[in-house]
Structures are given as structure tokens and as C-alpha cells.
Amino acid sequence: MSFWEYLANRHQQLLTDAFQHVSAVFQCMVIATVLGVLIGVVSYRSGWGASVAITSTATVLTIPSLAAIGLLIPLVGLGVAPTVITLTLYGLLPVVRNSIVGLRGVDPALVDAAKGIGMSRTARLCRVELPLAWPPILTGIRVSTQMLMGIAAIAAYASGPGLGNEIFRGIASLGSANAINQVLAGTLGIVILALLFDAAYVLLGRLTIPRGIRV
């Protein structure tokens with residue numbers, strides 16, 4: 001069976017796996033973004049705090065993703081839980097680091113001006129600092145998403161959702177008629193989804209970042 005015939009025969013299952021892959025990555029990125037920005041907001045004013053935040057989240061990336069999922073299986077079982085925890089932890093570093101860099105890069109004169117007109121610290125953060133820090137934060141989100149698209153495939157090891165199941169089935173049946181087709185379909189699917197995600201972020205940046213800041 002050719003690759004194109006395989007796609008035609010398995011397109012329904014591939015679409016289901018692709019949807020589950022996108023859903024898992026998107027939901028974990030939402031969680032990682034919220035947590036990462038909060039960590040950045042709490043720590044960016046302190047050199048020591050920022051170092052601890054970046055070092056702690058960077059340490060996660062030194063753990064092989066397969067090992068991380070394997071260690072979580074006895075604690076939370078198979079399926080969605082180890083996938084969500086692993087992807088969220090792996091997605092933190094770029095968001096945390098870029099949040100700290102972005103917030104520290106805001107012109108202090110603008111913050112002082114906002115303070116001078118009576119804005120509270122929370123109002124300054126939400127209406128001045130975070131909007132100005134959004135471009136680097138968005139870059140961090142883009143980097144995290146590209147990483148998680150690949151790492152999510154490993155989740156199939158723990159019966160997680162996504163296109164990784166197609167890859168693992170192909171690897172497990174190497175030598176059979178459709179083994180290469182399965183691995184290729186899963187891999188190309190992940191690459192295509194990653195490109196679509198990145199295109200969506202580019203569009204989001206154009207819609208949310210003022211032209212003057214982009215320049």
C-alpha cells in the first residue's frame with residue numbers, strides 16, 4: 001500500500017489523532033502561559049527571584065521527556081494526566097524567561113508616568129507593563145508550542161492522546177507492510193500542525209501588537 005493510499009484509508013483516525021494532539025498542546029500551553037506569566041510577574045523585580053524561577057524551570061528540560069512521563073505513571077496513572085503534567089512543565093521555561101525579559105525591558109519612564117497619574121501597581125502592571133512586554137512573551141509562547149508539539153508525541157508511551165500513537169504503532173510493527181506509512185503519517189502530521197500553530201501565532205501577533213512596538 002502506498003503512503004497516499006494509507007492516508008486515504010486511515011484519514012478518519014488520523015484526523016481524530018491530530019485533533020487530540022492539537023487539543024492537548026493547546027490546553028497545556030494555556031496552563032503553561034498563565035503559570036509562566038504569573039511566575040514572571042512575581043519574580044522579575046528581584047534578581048535572585050528571577051534566577052531561581054529560570055533555573056527551576058530550566059531544570060525540567062534536563063529530564064528526558066520519556067523518563068518524566070514514566071516517573072509520573074505510578075503517581076497519576078496512564079492517559080491524559082501524565083501528558084498534561086509533562087507538557088505543562090516543559091512549556092514553562094520559554095514563557096517564564098521571556099516574561100521576565102519583557103517586563104524588565106519596559107521603559108521605567110513610562111511606569112513612572114503611569115504612577116504619577118495615580119495608577120495603582122496592579123493597574124500599571126495590567127495596562128502598561130504587560131502590554132509592552134507582550135511581544136517577547138508571545139515569542140516565548142511560540143517557542144514553547146513548537147517544543148510541545150514534538151514532546152506530545154512521546155505521550156503515546158503512557159496511552160496519551162495524539163499522533164504519537166501512530167508513530168509508536170509503526171515503530172512497534174517495523175517490518176510490516178504499513179509500519180513506515182504509520183511513522184511517516186504521524187511525523188508529517190506533527191510537522192504540519194506545528195507550522196499551522198506558528199502561523200496562528202504570527203497572525204495573533206499582528207492583531208495584538210501595535211505596529212509601533214513591532215517596528
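User: In helix α9, does one call Q182 buried or exposed, and how should its relative accessibility be read?

Analyst: The model is a predicted one, and the general idea is that a residue counts as buried when its relative accessible area is under 20%. Q182 has a relative accessibility of 12%, and therefore it counts as buried. The residue sits in helix α9, which covers residues 179-208.

User: Which residues are in contact with Q182, leaving aside its neighbours within four places in sequence?

Analyst: A contact means heavy atoms within 4.5 Å. By that reading Q182 is in contact with Y6, E166, I167, R169, G170 and S173, once the neighbours within four places in sequence are left aside. With S173 there is also a polar contact, in which the two side chains are joined at 3.4 Å.

User: Where does N165 lie, and why does N165 count as buried?

Analyst: N165 lies in helix α8, which spans residues 164-172. Its relative accessibility is 18%, and the cut-off for buried is under 20%, so N165 counts as buried.

User: What does the side chain of N165 reach, and which residues does N165 touch beyond four places in sequence?

Analyst: The side chain of N165 reaches a backbone atom, namely the oxygen of G162, at 3.0 Å. When residues up to four places away in sequence are not counted, N165 touches A156 and G160.

User: How should I read I69, and is that residue buried or exposed?

Analyst: I69 has a relative accessible area of 2%, which means that the residue is buried. Its place is in helix α3, made up of residues 65-76. Not counting residues up to four places away in sequence, I69 touches P82, T86, I154, A155, Y157 and A158. For a separation between backbone positions, one can take I69 and T83, which are 14 residues apart in sequence and whose C-alpha atoms are 7.1 Å apart in space.

User: What do G47 and L184 show about residues that are partly exposed?

Analyst: The class of partly exposed residues lies between the cut-offs of 20% and 50%. G47, at 44% relative accessibility, therefore counts as partly exposed, and L184, with a relative accessible area of 36%, is partly exposed as well. G47 is found in helix α2, residues 47-61, while L184 is found in helix α9.

User: How far apart in space are G47 and T145, and L184 and N98?

Analyst: Sequence separation and spatial separation are best read side by side. G47 and T145 are 98 residues apart along the chain, with 27 Å between their C-alpha atoms. L184 and N98 are 86 residues apart in sequence, and their C-alpha atoms are 34 Å apart in space.

User: How many helices and strands does the protein chain have?

Analyst: The secondary structure comes to 10 helices and zero strands, so that every element in the run from the N terminus on is written as α. The C-alpha atoms fill a box of roughly 70 × 40 × 20 Å, taken along the principal axes.

User: What share of the residues is buried, and what share of the contacts joins residues at least 24 apart?

Analyst: Of the 215 residues of the protein chain, 42% count as buried. Among contacts between residues at least 6 apart in sequence, 76% join residues at least 24 apart.

User: What do the accessible surface and the charged side chains come to?

Analyst: The accessible surface comes to about 11,300 Å², and 70% of that area belongs to carbon and sulfur atoms. The chain carries 13 positive and 7 negative side chains, with the centres of the two sets 11 Å apart.

User: Which residues does UniProt list under "transmembrane region", and where does it place the domain?

Analyst: An annotation of this kind comes from the record and can be set beside the model. The unreviewed UniProt entry lists residues 24-44, 51-73, 79-96 and 179-204 as "transmembrane region". In the model, residues 24-44 are 95% helix and 0% strand, with end C-alpha atoms 29 Å apart, and residues 51-73 are 87% helix and 0% strand, with end C-alpha atoms 30 Å apart. The unreviewed entry also places "domain: ABC transmembrane type-1" at residues 18-201, and over that range the chain is 83% helix and 0% strand, with its end C-alpha atoms 19 Å apart.

How values were computed. Residues numbered from 1 in each chain as written. Predicted model: local features only at pLDDT ≥ 70, side-chain atom pairs only at ≥ 80, totals over all residues. Heavy atoms only, no water. Helix = DSSP H or I, 4+ residues; strand = E, 2+ residues; numbered from the N terminus. Buried < 20%, exposed > 50% of the residue type's maximum accessible area, 1.4 Å probe, protein only. Areas by Shrake-Rupley, 256 points an atom, 1.4 Å probe, with all protein chains shown as cover. Lys, Arg positive; Asp, Glu negative; His and termini not counted. Charge placed at Lys NZ, Arg CZ, Asp CG, Glu CD. UniProt positions renumbered as here; feature names shortened; annotations may be inferred. Polar contact = N/O pair within 3.5 Å; in protein donor to acceptor, adjacent residues only side chain to side chain.
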